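Visitor: I'd like a quick tour of this chain, with the cut-offs spelled out. Can you put it up first?

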Amino acid sequence: QVQFVESGGGLVQPGGSLKLSCVASGGIFSAFGMGWYRQTPGKQRELVASISRAGVPRYRDPVKGRFTISRDNAQNTVYLQMNSLKPEDTAVYYCNGRSDTWSGDGFLWQWGQGTQVNVSS
């Protein structure tokens, strides 16, 4: 079972930036794609960005041009650089593994604790 520990969240003003980190353990990190997901109260968890085993990123429309996903296989870590943050980006952010062939919000393992991002003035 792969486990994830997310960090880097916090309170930021609109237009600000944050960089999230997710460290994976218990599996061969380079063998699977990774995704960043977010969830707000009353809504389903949704994928916002993914990165394939080969390092090819994909983004959902709400974050295109503002978020950048990257991975460091040597450190078993995936990152999410978030720029030009908006109040609607406020959510708990999670990472998880996923297949490179998926287009939906699928995930492979149990969720970590997530990291809270609050965008507010």
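Guide: Sure, and one term up front: buried means under 20% relative accessible area, exposed means over 50%, and partly exposed is in between, using a 1.4 Å probe and protein chains only. This is a predicted model, where local features need pLDDT of at least 70 and side-chain atom pairs count only at pLDDT 80 or more, while totals for chains, interfaces and linings use all residues. Residues are numbered from 1 along each chain as its sequence is written, and side-chain values use heavy atoms, with hydrogens and water left out.

Visitor: Are Phe29 and Phe32 buried or exposed?
Guide: The cut-off just given settles this one. Phe29 and Phe32 both come out as buried.

Visitor: What kind of ring pair do Phe29 and Phe32 make?
Guide: Rings of Phe, Tyr and Trp (its six-membered ring) pair if their centres lie within 6.5 Å; planes under 30 degrees apart are stacked, over 60 edge-to-face, and the rest tilted. The whole structure has 6 aromatic pairs by that search. For Phe29 and Phe32 the centres are 5.9 Å apart and the planes at 75°, so the pair is edge-to-face.

Visitor: And how are the rings of Tyr37 and Trp111 arranged?
Guide: Tyr37 is in strand β4 and Trp111 in the loop between β9 and β10, 74 residues apart, so this pair links distant parts of the chain. Tyr37, at 1% relative accessibility, counts as buried, whereas Trp111, at 24%, counts as partly exposed. With centres 5.0 Å apart and planes at 80°, the pair is edge-to-face.

Visitor: Which residue lies over the face of Trp111?
Guide: The test for a charge over a ring is NZ of Lys or CZ of Arg within 6 Å of the ring centre and within 35 degrees of the ring normal. Phe29 has such a partner in Arg71, at 4.6 Å from the ring centre. Over Trp111, at 4.2 Å from the ring centre, lies Arg45.

Visitor: How many strands does the chain have?
Guide: Helices (H or I, at least four residues) and strands (E, at least two) are DSSP runs, numbered from the N terminus. The chain has 0 helices. Its count of strands is 10.

Visitor: What is the handedness of the disulfide of Cys22 and Cys95?
Guide: A disulfide is a pair of cysteine sulfur atoms within 2.5 Å, and in Cys22 and Cys95 the sulfur atoms are 1.8 Å apart. Cys22 lies in strand β3 (residues 18-25) and Cys95 in strand β9 (residues 91-98), so the pair ties together parts that are 73 residues apart in sequence. Both cysteines, Cys22 and Cys95, are buried. The torsion about their S-S bond is about 50°, so the disulfide is right-handed.

Visitor: Which element gives the most to the largest nonpolar core?
Guide: A nonpolar core is a set of buried Ala, Val, Leu, Ile, Met, Phe, Trp, Tyr and Cys residues joined through side-chain atoms within 4.5 Å. The largest one has 27 residues, and those touching the most other members include Trp36, Leu80 and Met82. Elements that give it two or more residues include β4 (33-39), β8 (77-82) and β10 (115-119). With 4 residues, the top contributor is β3.

Visitor: What radius of gyration does the chain have?
Guide: It is taken over C-alpha atoms, and the globule rule is 2.2 Å times the number of residues to the power 0.38. For 121 residues, a compact globule would be near 14 Å. The chain agrees with that, at 13 Å.
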